[in-house]
Amino acid sequence: MTFRLLSAAVLAGAMVLPAHAAEPMNDLEIAHTAYTAGQLDIRYAHLALAVSENADVRSFAETMIRDHSAVNSAAVDLITELNVTPQDNDLSRALVQGAADKRAELMGLSGSAFDCAYAQNELGYHQVVNKTVEESFIPAVTVAPLKELLTDALATFKVHEGHAEQMVSNLQCS
Amino acid sequence: MQLTRRQLIAAGGLAAAAAALPAAASPAVRVRIRKFAFDPDTVSIKAGERIEWVNEDFAPHTATEDDYSWDTGELGKGSTASVLFETPGTHSYYCAYHPHMKARIVVTA
């Protein structure tokens with residue numbers, strides 16, 4: 001369920017679900033995927049800072065870098081403390097591939113076309129990641145500190161979703 | 001984090017109404033920053049008292065006066081900063097990183 005939920009919407013058909021898509025993810029896989037999702041949003045943000053000249057878009061991108069870096073830093077601290085290694089998995093790999101495709105698409109754009117595409121992608125990305133974290137990852141995680149980290153991180157990501165929604169509205173994208 | 005007067009000046013100017021001083025200057029009223037909100041969002045203090053902010057979120061925050069006359073600078077998770085309010089007045093402030101986060105300080109004589 002987790003895999004299907006996240007990949008279907010975030011990647012918008014850019015990938016095919018593997019046969020074991022419905023298999024539950026373990027804590028280490030969830031940790032890997034959550035960290036990966038944050039890193040990918042940071043990469044989107046760096047692209048926005050390289051391309052966009054819109055002050056609001058640039059401010060949003062700076063916030064994404066700052067906030068996701070803080071959350072992922074806390075994640076690294078936790079896995080160091082627990083002395084565990086997050087496990088790469090099909091969902092993480094699919095996210096990486098989907099994001100690479102999206103970045104390639106964004107790099108072909110400029111001006112308001114880029115701003116709108118970036119903003120809409122941020123909104124969709126946060127909507128689906130948040131739904132997955134809230135409905136799949138947090139209920140499934142068994143280690144209390146990781147559950148707590150994901151819960152706190154979700155509060156951050158939900159603010160981002162609202163901010164992205166406002167950005168899309170302000171840009172008046174068609 | 002304890003701001004010095006010099007740091008505050010470097011950050012954008014020192015208002016007559018507010019200044020950062022060592023922690024021992026006066027008791028501080030604490031404002032928690034959690035779940036992207038200042039708690040409490042309105043604080044009443046007397047002139048000569050300090051406000052101390054502590055960030056409990058993963059995301060970095062600031063407490064920044066609307067007119068930039070004082071600013072805590074970036075507060076990472078678990079970090080604190082305080083500002084001394086020396087004269088009566090009302091201060092509206094926000095988080096420079098998340099501008100929807102707004103709050104108010106009322107300083108009385």
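## Val57 and the largest core

In this predicted model, Val57(A) touches Ala48(A), Ser52(A), Asp115(A), Tyr118(A), Ala119(A) and Met167(A), when residues up to four places away in sequence are left out of the count. Val57(A) belongs to the largest nonpolar core, a set of 38 residues, and together with Ala34(A) and Leu150(A) it touches the most other members of that core. Two or more residues of the core come from each of α2 (27-51), α3, α4, α5 (111-140) and α6 of chain A, and the largest share, nine residues, is given by α5(A).

Apart from this core lies another, made up of 20 residues, among them Phe36(B), Ile51(B), Met101(B) and Ile105(B).

## Helix α4 of chain A

Helix α4 of chain A runs over residues 90-107, and its 18 residues reach 26 Å from the first C-alpha to the last, which is close to the 26 Å expected at 1.5 Å a residue. The buried residues of this helix are Leu91(A), Ser92(A), Ala94(A), Leu95(A), Gly98(A), Ala99(A) and Lys102(A). Seen down the axis of α4(A), these buried residues fall within an arc of 155°, and therefore they line one face of the helix. An α-helix has 3.6 residues a turn, so residues three or four places apart point the same way. On the face of α4(A) turned away from the buried side are the exposed residues Ala104(A) and Met107(A).

## Asn83 in the loop before α4

The loop between α3 and α4 of chain A holds Asn83(A), a residue other than glycine whose phi nevertheless has a positive value, near 55°. Asn83(A) counts as exposed because it has 6 C-beta neighbours inside 10 Å, where the cut-off for an exposed residue is 12 or fewer.

## Where chain A touches chain B

Between the two chains, 11 residues of chain A are in contact with 10 residues of chain B. On the side of chain A that touches chain B, α3 (55-82) and α6 (144-171) of chain A each supply at least two residues, and the largest share, six residues, comes from α3(A). By residue type, this side of chain A divides into six nonpolar, two polar and three charged residues.

## The sheet of chain B

In chain B, four strands form an open sheet with mixed pairing, in the order β4-β9-β8-β6. The edge strands of the sheet are β4 (42-46) and β6 (64-65) of chain B, each of which pairs on one side only. Strand β4(B) is joined by five bridges to β9 (residues 102-108) of chain B, and these two strands run parallel; Thr42(B) stands opposite Arg104(B) in β9(B).

## Two backbone features of chain B

Two loops of chain B deserve a look at the backbone. Phe36(B), in the loop between β2 (28-34) and β3 of chain B, has a positive phi of about 60° although it is not a glycine. Phe36(B) is buried, because 20 other C-beta atoms lie within 10 Å, and the cut-off for a buried residue is 20 or more. It is also one of the residues of the 20-residue core described above.

The other feature is a cis peptide bond, with omega about 5°, that joins Asp39(B) and Pro40(B). Pro40(B) is found in the loop between β3 (37-39) and β4 of chain B, and β4(B) is one of the edge strands of the open sheet.

Definitions and conventions
Residues are numbered from 1 along each chain as its sequence is written. Chains are lettered from A and ligands numbered from 1 in the order in which they are written. This is a predicted model: local features need pLDDT of at least 70, side-chain atom pairs count only at pLDDT 80 or more; totals for chains, interfaces and linings use all residues. Two strands pair if DSSP finds at least two bridges between them. The expected span of a helix is 1.5 Å times one less than its number of residues. The arc is that of the directions from the helix axis to the C-beta atoms. Two residues are in contact if their C-beta atoms, placed from the backbone, lie within 7 Å. Ala, Val, Leu, Ile, Met, Phe, Trp, Tyr, Cys and Pro count as nonpolar, Asp, Glu, Lys and Arg as charged, and the others, Gly among them, as polar. A nonpolar core is a set of buried Ala, Val, Leu, Ile, Met, Phe, Trp, Tyr and Cys residues joined through C-beta atoms within 7 Å.
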